[in-house]
Amino acid sequence: MTRQIIQVLAGASEGDAITNMALRMVSGLSRLGSARTFSVHEPPESMRTIVEPLEDAPLGRREDILVYHLSYGNPDLTRFVLRWPGRLVVMYHNVTPVEHFLDLDEQFAMGLAWGREEVRILADRTDLAFACSEFSARDLRIAGYRNVTTEAVGVDPRRLDDLDLDTELVRKLDSWSPEGYVVSVGQLLPHKRHDLSVSVAHALRTYLRRDLGMVIVGRTRHEGYLEALVSHIDSLPDIRVTILGLVSDRELATLYRTSVCYLNMSDHEGFGIPPLEAMSCGAAVVVRDNGALLETVGDGGLVLPNSWGPDRIAAAVAEVVGDDDLLGELRRRGQRRVRTFDVDRSVSQFVAQVEQIL
Amino acid sequence: MNHDDDPLYARIQDRAASAAENLPAGFSEELEGSFTQIMRESHRERRVHDEELLALIEVTKIKLNSQRSGAPIESRLPGGRLLHRAAKRVVARHIVHLSNQIQEILVAQEQLIETLAARLMIMEKREARLITDLTQHVIDRLTMLERVESELASIRDGMSTTDGSTTK
């Protein structure tokens with residue numbers, strides 16, 4: 001009977017970084033047996049043919065493999081993983097520290113707290129552990145995992161490169177903010193700190209006299225945060241910010257290519273795919289030194305101290321966008337940085353390591 | 001890896017730090033504090049709304065349950081004038097009671113709808129931006145279509161004048 005290899009995610013959705021990484025691993029894993037992908041939360045209709053609900057997952061046999069993408073805690077999922085009779089491969093994408101949500105969303109915070117606990121619970125049960133970054137690998141080592149491999153398996157920063165420019169969107173953005181705009185991309189969650197990006201946009205226009213707009217892109221994952229973000233924008237005079245929410249890949253590529261700068265103000269990132277995609281599309285990248293952002297961005301973007309407030313960050317952005325040579329250098333460095341990532345090589349190396357535990 | 005080793009990035013950081021000194025003192029702290037306050041208030045409002053909503057749902061549930069248990073599905077009353085009259089009184093009283101209960105349920109439902117509407121208003125506020133953008137986009141398109149149509153009409157007019165085929 002054919003060996004079954006199943007990948008399990010907490011949730012799957014279009015444009016989601018972890019979902020994309022898992023799906024890119026399918027063809028590699030298919031070399032070892034029949035590969036399928038499952039999600040605890042009901043996958044969207046558009047993905048039903050490639051991602052199945054967890055209740056349809058096989059119970060597994062000793063020769064089967066479970067690749068578990070750990071990013072959030074769910075006791076049902078922990079039970080499923082612990083009952084799995086075959087090999088267990090943990091792909092750790094990091095779990096956001098619970099303190100970002102403790103006072104805002106108790107239920108979500110509980111899931112995060114369980115995720116951290118699950119990392120500890122699965123340490124002895126795991127046959128092979130991978131982390132997307134050295135920052136995340138440290139969590140695993142502290143929890144007692146042995147032989148942790150740091151590899152951003154399935155990350156493809158160049159996935160947007162070949163998409164056509166959305167000329168209609170360009171026209172709209174040009175008329176909305178003729179002097180250009182900064183783009184801030186990430187799920188609308190409190191720790192992603194789009195609010196800080198908004199404050200930076202305010203400082204840029206009000207005190208640094210840069211007539212720039214700010215475009216915020218990302219799936220709404222926390223309604224309270226979105227409400228507060230809108231109130232924050234409304235409370236600031238002289239500001240030009242638009243929240244586009246979730247956009248298509250083509251729109252995202254267009255935003256990266258036409259923006260004067262990409263900004264990531266996140267307090268926590270287990271890896272950081274948007275800055276890499278932005279670099280690949282030719283955007284100058286500015287991030288704060290939090291989580292894995294420094295090691296992900298490397299010298300491909302400007303990494304600012306995490307202690308800096310909106311005043312200094314805005315001044316740094318103004319320095320970058322006001323100097324064509326600097327912008328050009330930053331863009332060149334970004335392009336050089338993304339060339340160090342090779343999606344096919346990362347998947348092949350991953351599969352080779354999985355093969356060794358069979 | 002450290003940016004301090006990179007002269008380009010170190011230079012940008014130095015220049016940014018000195019440029020930021022020209023911004024008003026306490027500017028960053030004020031903005032950060034303001035957003036924290038907004039988040040707290042928003043969270044508190046949502047909690048109050050959620051609690052109100054849950055309380056109203058609970059009241060509605062209790063009323064619906066009491067209506068179900070209090071209303072007989074069928075009644076088999078034996079014949080006899082006295083019994084019929086007594087039964088009539090009981091039924092009448094029961095109908096009044098039911099009517100009052102329905103009235104209360106309607107009030108509770110109304111409150112529930114009002115609370116939901118208030119929540120929707122909050123949601124609408126943040127959606128307004130996106131809707132405005134979208135509407136503007138649609139208006140742009142329609143304007144363009146109208147322009148095309150009028151241009152087509154004038155071309156058609158021009159053509160019909162030229163070939164003299166216009167009939168009345």
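Biologist: How do you know that the end C-alpha atoms of helix α13 (residues 343-356) of chain A are as far apart as they should be?

Modeller: This is a predicted model, in which local features need pLDDT of at least 70, side-chain atom pairs count only at pLDDT 80 or more, and totals for chains, interfaces and linings use all residues. Residues are numbered from 1 along each chain as its sequence is written, and chains are lettered from A and ligands numbered from 1 in the order in which they are written. The expected span of a helix is 1.5 Å times one less than its number of residues, so the 14 residues of α13(A) should span 20 Å, and the end C-alpha atoms are 20 Å apart, which agrees. Helices (H or I, at least four residues) and strands (E, at least two) are DSSP runs, numbered from the N terminus.

Biologist: What makes a residue of α13(A) buried, and which residues are they?

Modeller: A residue is buried if 20 or more other C-beta atoms lie within 10 Å of its own, exposed if 12 or fewer, and partly exposed in between, with C-beta atoms placed from the backbone. By that count A:S346, A:V347, A:F350 and A:V354 are the buried residues of α13(A). They cover an arc of only 95° around the axis, taken from the directions from the helix axis to the C-beta atoms, and therefore lie on the same side of α13(A). The face turned away from that buried side carries the exposed residues A:D344, A:R345, A:A352, A:E355 and A:Q356.

Biologist: What covers the buried residues of α13(A)?

Modeller: The cover includes α1 (17-29), β4 (65-70), β5 (87-92) and β6 (128-131) of chain A, where two residues are in contact if their C-beta atoms, placed from the backbone, lie within 7 Å.

Biologist: Why are β11 (residues 261-264) and β12 (residues 285-288) of chain A called paired strands?

Modeller: Two strands pair if DSSP finds at least two bridges between them; three bridges join β11(A) to β12(A), which run parallel, so the pair qualifies. A:Y262 stands opposite A:V285 in β12(A). From β12(A), A:V285 and A:V287 point one way and A:V286 and A:R288 the other way, and all are buried.

Biologist: Which domains does chain A have, and how many residues of each are in contact?

Modeller: The bounds, which come from an automatic or database domain assignment, give domain 1 (4-156 + 342-356) and domain 2 (167-338) of chain A. The contact takes 17 residues from domain 1 of chain A and 15 residues from domain 2 of chain A.
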